[in-house]
Amino acid sequence: MEHQEPSTEIFEKFTWKIENFSRLKVNKIYSEPFIIGGYPWRILLFSKGINNNGYLSIFLEAFKTAYMSEGWSRDVKFKLLLFNQLDSNMTITKESNDDFNANEVDWGFKSFMTLTEFCEKGFLEKDTCIVGAEVFVCKSTLEEPVNQASNLTVSEATGSQNGEVEVIMPNPEVQDPKLETISPVSTHIDAELFSPTIEELMDFSTIGQLEEACTDTPPLIERLSKRSRHFNYFAFAALGRIIYFLKTRKVKDMNEQACKDLQVLWDELKKFRFDVSWLEPHVQYALGMKSYVEKAFEIEKLKKNVAALELETERLKAKLVAAEVNIDIEKDLLKAKGFEERDLDSELGCGSWRP
């Protein structure tokens, strides 16, 4: 399960606007999750640096989802940016190329810039800063792209100014596209649909087993020589359609309709009363895949839901942090106006009125 990106390096972008920076209650804060290159990420920022080292620290983190298998990794080229709001030419960009994996989920810069420069040179304006990430996924291993498997999409190709991510929750009422009917919808089988070409038929090495597999005497070929030309044609056509079906289908294709189609083809072949016991195990194996395929797709659907919920949870956590800062600001404004702080459940009350 390895995904190699095209050789052309196209960096997708995301920006994160952090308001009320000086009022942050914690040193370690995360952006909302976002999807770039088909994989989920978030930005990690230490507002006072790691261990209060006097530097602003910024990292890119690979957000974990249910679609990561043991041993997952991402080979990634990325840039982290801190925008100067007074002079765009002074925006700071730092680049790196790292391997994200279960042991190293985040990479970045402990000393992105000094807090003094950050506060005084246009990077923090009106108590707001803007951080950006540009990401190019070179290769990923042992994980599925989230945007394809989980129906999760970024609201815009470059992200949004406040870092919001649109999360489209899977609709359980909609049939998984992987389970769409591959075979004809009706139970009638069109012979042309499963009829192999002469070249394909000649490639069926197993057809030679018919002569030895037939228990009737004389052998099949001798028996066929006594049959009419049309009988032989339809007999081999029926056999060819079965083998062609088995050669061109994958396990994931064996949904209910495909099983019905194969059963019709198998019943058709048995009408010619050949001994095809050598082929029957393969047919029965394919017919028995329906339950397995349904359960496998159900697992995929559940993983999809889990991945979506994980990202939505982290998005709401990021919103909660911002909301807590905003409520503190509102409290301070009320106190400044001389209002007493009260619990939400307390009565508003009213003073006595005198004419």
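The legends below describe close-up views of one predicted model.

Residues are numbered from 1 along each chain as its sequence is written. Because the model is predicted, local features need pLDDT of at least 70 and side-chain atom pairs count only at pLDDT 80 or more, while totals for chains, interfaces and linings use all residues; side-chain values use heavy atoms, with hydrogens and water left out.

**View 1. The whole chain, with its ten helices and ten strands.** Helices (H or I, at least four residues) and strands (E, at least two) are DSSP runs, numbered from the N terminus. Of the 355 residues in the chain, 41% are buried. Buried means under 20% relative accessible area, exposed means over 50%, and partly exposed lies in between (1.4 Å probe, protein chains only). The chain exposes about 21,000 Å², and carbon and sulfur atoms supply 52% of this area. Accessible areas come from the Shrake-Rupley method with a 1.4 Å probe; for residues, only the protein chains shown count as cover. Among contacts with a separation of 6 or more, 72% are between residues 24 or more positions apart. A contact means heavy atoms within 4.5 Å.

**View 2. The salt bridge between Glu9 and Lys77.** A salt bridge is a side-chain nitrogen of Lys or Arg within 4 Å of a carboxyl oxygen of Asp or Glu. The count by this rule is 15 salt bridges. For the side chains of Glu9 and Lys77, the N to O distance is 2.3 Å. This pair links distant parts of the chain, 68 residues apart: Glu9 is in the loop between strand 1 (2-4) and strand 2 (12-18), and Lys77 is in strand 7 (residues 68-82). Glu9 is partly exposed because its relative accessible area is 39%. Lys77 also counts as partly exposed, at 24% relative accessibility.

**View 3. The salt bridge between Asp328 and Lys25.** The side chains of Asp328 and Lys25 meet at 3.1 Å, N to O. Asp328 belongs to helix 10 (residues 289-336) and Lys25 to the loop between strand 2 and strand 3 (28-30), so that the pair links parts of the chain 303 residues apart. Lys25 is exposed, with a relative accessible area of 59%.

**View 4. The salt-bridge network of Arg42, Glu61, Glu314 and Lys317.** Within this network, the closest N and O atoms of Arg42 and Glu314 are 2.6 Å apart. Arg42 lies in strand 5 (residues 39-46) and Glu314 in helix 10, with their positions 272 residues apart in the chain. Both Arg42 and Glu314 are buried.

**View 5. Strand 7 and its pairing with strand 8 and strand 10.** Two strands pair if DSSP finds at least two bridges between them. Strand 7 pairs with strand 10 (residues 129-143) in the antiparallel sense over eleven bridges. Here Leu80 stands opposite Ala133 in strand 10. Strand 7 also pairs in the antiparallel sense with strand 8 (residues 92-101), over ten bridges. Ser73 stands opposite Asn101 in strand 8. In a regular strand the side chains alternate between the two faces of the sheet.

**View 6. Helix 7 (residues 229-248) and Phe236.** Helix 7 has 20 residues and reaches 28 Å from its first C-alpha to its last, close to the expected 28 Å at 1.5 Å a residue. The expected span is 1.5 Å times one less than the number of residues. Buried residues of helix 7 include Asn232, Arg241, Tyr244 and Phe245. Phe236, in helix 7, counts as partly exposed at 25% relative accessibility. The C-alpha atoms of Phe236 and Phe272 are separated by 9.8 Å, and the two residues are 36 residues apart along the chain.

**View 7. Asn51 and Asn52 in the loop between strand 5 and strand 6 (55-62).** Asn51 is not a glycine but has a positive phi of about 60°. Phi of Asn52 is also positive, near 50°. Asn51 counts as exposed at 73% relative accessibility, and Asn52 is exposed with a relative accessible area of 57%.

**View 8. A nonpolar surface patch of Val251, Tyr285 and Tyr292.** Together these residues have about 340 Å² of accessible area. Patches are made of residues with over 30% relative accessible area and no salt bridge; like charges are joined within 9 Å, and nonpolar side chains (Val, Leu, Ile, Met, Phe, Trp, Tyr) within 5 Å. Tyr285 lies in helix 9 (residues 280-287) and is exposed, with a relative accessible area of 54%.
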